[in-house]
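This briefing introduces a protein structure to a reader who is new to the subject. Please consult the sequence and the structure while reading the points below.

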Amino acid sequence: MKIVQAKDIREAVAAMCIAANRELPADVRAAFEAAHAAEEAPAAKEIFRQLLENADLARDTGLPLCQDCGLAVFFVEAGEDVRVEGSTLREAINDGMITGYKDGFLRKSSCDPFTRKNTGDNSPSIIHFDIVPGDTLKITMMAKGGGSENMSRVTMLSPAQGWKGIKDFVVNRVAEAGPNPCPPTIVGVGIGGNFELAAVNSKKALMRELDDTHPDPEIAKLEDELLAAINALGIGPMGLGGKTTSLGVKILVAPCHLASLPLAVNIQCHSARHKEVIF
């Protein structure tokens, strides 16, 4: 049995929240650089130049990559042989998030859905737990902004619609979203499961690295097919036209009921902010 102190979790989560909002992941930066070199339209090329400059400024000044510092979403893989001492795991993560957003001077966006009154500390954190074998605790944090989240959708297709129905829905969703999610985007797709699992999986899929190839060659092929169809839309960075509407499409598949074909699309803006810590 491994004992992990709640204090250590709080400190690690606070640091992770600050770093995620200030540091563009290396794979996203590499994608920006490649797209900057490949784009021919002056406006698209300039947008990528600005995105790279913005990443440099955030790194060098400690200012956030984006003024929308998002809701804090956590995916937790908790080993069966791990015990948290000092508080519950949920409390430790939420307290760490509150500290990180306060100390990092990050915008707090969480509010009451009716009165719109801000909670004041960006809480509560949105936490998804998976219990896994072993004595390792892995916490992955995503700062998810409102613009991209608003463009995300869940639908229940009929099984007969199959891959064509899935592809049409995903591509049409990106087309309808247009410039609203601040492209270039990353598109997470959850296929199967049920209503809520498809949605969670579509967001979990966004945790994969951009240069990560799906281990199932058939799914990898479908990801490439969707990415090509999305980029053929010509929406381009910030909706100003160009070759790069999305940097990647990531699919997560789960078995579903024989009468259903659940499908979720979670769109991530260009500021793909996520970090992880392992105890």
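How many disulfides does the structure hold? The model, which is predicted, holds zero disulfides. The points below take up the cysteines, and then two open sheets, one with the strand order S4-S2-S5-S10 and one with the order S6-S9-S7-S8.

**Cysteines**

- A disulfide is a covalent bond between the sulfur atoms of two cysteines.
- For Cys17, the closest cysteine sulfur belongs to Cys69 and lies 10 Å away. Because a disulfide requires sulfur atoms within 2.5 Å, this distance is too far for a bond.
- Cys17 is buried, its relative accessible area being 0%.
- Cys256 is partly exposed, with a relative accessible area of 36%.

**The sheet S4-S2-S5-S10**

- Strands of a sheet pair through backbone hydrogen bonds, and the pairing is either parallel or antiparallel.
- This open sheet consists of four strands with mixed pairing. Its edge strands are S4 (126-132) and S10 (273-278), each of which pairs on one side only.
- On average, neighbouring strands of this sheet are turned by 15 degrees against each other, direction ignored.
- Strand S2 (residues 71-79) and strand S5 (residues 137-144) run antiparallel and are joined by eight bridges. Within this pair, Val73 has Met142 of S5 as its bridge partner.
- Helix H4 (residues 89-103) packs on the sheet and touches S2, S4 and S5. The direction of H4 makes about 145 degrees with that of S2.
- Helix H1 (residues 6-22) lies across S2, S5 and S10, and runs at about 155 degrees to S10.

**The sheet S6-S9-S7-S8**

- This open sheet is likewise formed by four strands, and its pairing is mixed. The edge positions are taken by S6 (153-157) and S8 (246-256), each pairing on one side only.
- From one strand to the next, the twist averages 15 degrees.
- Five bridges connect S6 with strand S9 (residues 261-268) in the antiparallel sense. One of the residues involved is Met156, whose bridge partner in S9 is Pro262.
- Helix H6 (residues 162-177) packs on the sheet, where it touches S6, S7 (185-193) and S9. The direction of H6 makes about 30 degrees with that of S9.
- Helix H7 (residues 195-204) also packs on the sheet, touching S6, S7, S8 and S9. Its direction makes about 35 degrees with that of S9.

Methods
Residues numbered from 1 in each chain as written. Predicted model: local features only at pLDDT ≥ 70, side-chain atom pairs only at ≥ 80, totals over all residues. Heavy atoms only, no water. Pairing = 2+ DSSP bridges. Axes fitted to C-alpha atoms, helices over the stretch in contact; angles between N-to-C directions. Contact = heavy atoms within 4.5 Å. Buried < 20%, exposed > 50% of the residue type's maximum accessible area, 1.4 Å probe, protein only.
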